[in-house]
Amino acid sequence: MKKIKEKCLDVLYPPRCPACGGILEDKQRSICPQCESIFHPVSEYYCMKCGKPVNETEEYCSECRHRERKFIRGRSVFLYNAQMKNSLLRYKYYGSREYGKYYAESMCRYVGRDIKSWRPDVIIPVPLHRRKKRMRGFNQAADLAERIGKILGIPVAEDVIYKSRETRSQKKLDAEERKKNLRNAFQAAGPVTGLRILVVDDVYTTGSTVEAMAECLLENGAKAVFFVTLCTGNI
Ligand SMILES: [Zn+2]
Ligand SMILES: [Zn+2]
């Protein structure tokens, strides 16, 4: 029954390429072969703390060098360039949810080894406020978390952390304003005592969201917090 439903959906809404938006001829693929090089993975030189690109000689990015982080480590897969921005817009706002397959597969392919080495007990996506989730129809971080959890065999707990109030869009705020904007915005619905937690989100910019999540998780008993995001950048 599920198969028939999936087939009908494929005819009505054929899966599309997350890079060019074209219909995928080969249903086994999640991106067209000629588009594979469009998204740029973070190079081999990245911050040992937050995963941001750094110069060959640097161990930490300038932000991690100057402040203490609540999380232990994190990685991002792609650079948040114009192509990735467009792709994410279609995924988040224009119904191209099948892109999640390519995103999650890439996250596991590029940073799956790091994730496993962190030995997380559970994956927790960055929550959206319930009103925002209702408007958008889904939480992209939860979609990525579900898919990654399935591939790597790690349980996912979506509703443990929730957003208790709506916050302004972070886009036009600087690092300090972002921190203030998110203060106490995340709440725990229950304890996470003694757990090693992997936080999942779509974009990492200044790290204020992941920091606020980590703070909330640690206050509620978490043992260690790590994160992975699909991309990292400043636009
Ligand atoms: Zn394509
Ligand atoms: Zn860093």
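A disulfide is a pair of cysteine sulfur atoms within 2.5 Å, and a search of the whole structure, which is a predicted model, finds zero disulfides. The domain assignment of the protein divides it into domain 1, covering 1-38, and domain 2, covering 39-232. Between these two domains about 940 Å² is buried, and the points below take up that contact before returning to two of the cysteines.

**Arrangement of the domains**
- The C-alpha centres of domain 1 and domain 2 are 26 Å apart, and the contact draws on 15 residues from domain 1 and twelve residues from domain 2.

**Buried area**
- Of the roughly 940 Å² that domain 1 and domain 2 bury between them, 51% lies on carbon and sulfur atoms.
- On the side of domain 1, the residues that lose the most area to domain 2 are Pro18, Ser30 and Ile38, which together account for 55% of what that side buries.

**Polar and charged features of the contact**
- Six residue pairs, with both members at pLDDT 80 or more, are in polar contact between domain 1 and domain 2, whereas the count of salt bridges between these domains is zero.
- Sorted by class, the side of domain 1 that touches domain 2 consists of nine nonpolar, four polar and two charged residues.

**Cysteines**
- Cys17 counts as buried because its relative accessibility is 0%, where buried means under 20% relative accessible area.
- Cys64, at 9% relative accessibility, therefore also counts as buried.

Notes: Residues numbered from 1 in each chain as written. Chains lettered and ligands numbered in written order. Predicted model: local features only at pLDDT ≥ 70, side-chain atom pairs only at ≥ 80, totals over all residues. Heavy atoms only, no water. Domains from an automatic or database assignment. Contact = heavy atoms within 4.5 Å. Buried area = accessible area lost by both parts, 1.4 Å probe. Salt bridge = Lys/Arg side-chain N within 4 Å of Asp/Glu carboxyl O. Polar contact = N/O pair within 3.5 Å; in protein donor to acceptor, adjacent residues only side chain to side chain. Nonpolar A, V, L, I, M, F, W, Y, C, P; charged D, E, K, R; others polar. Buried < 20%, exposed > 50% of the residue type's maximum accessible area, 1.4 Å probe, protein only.
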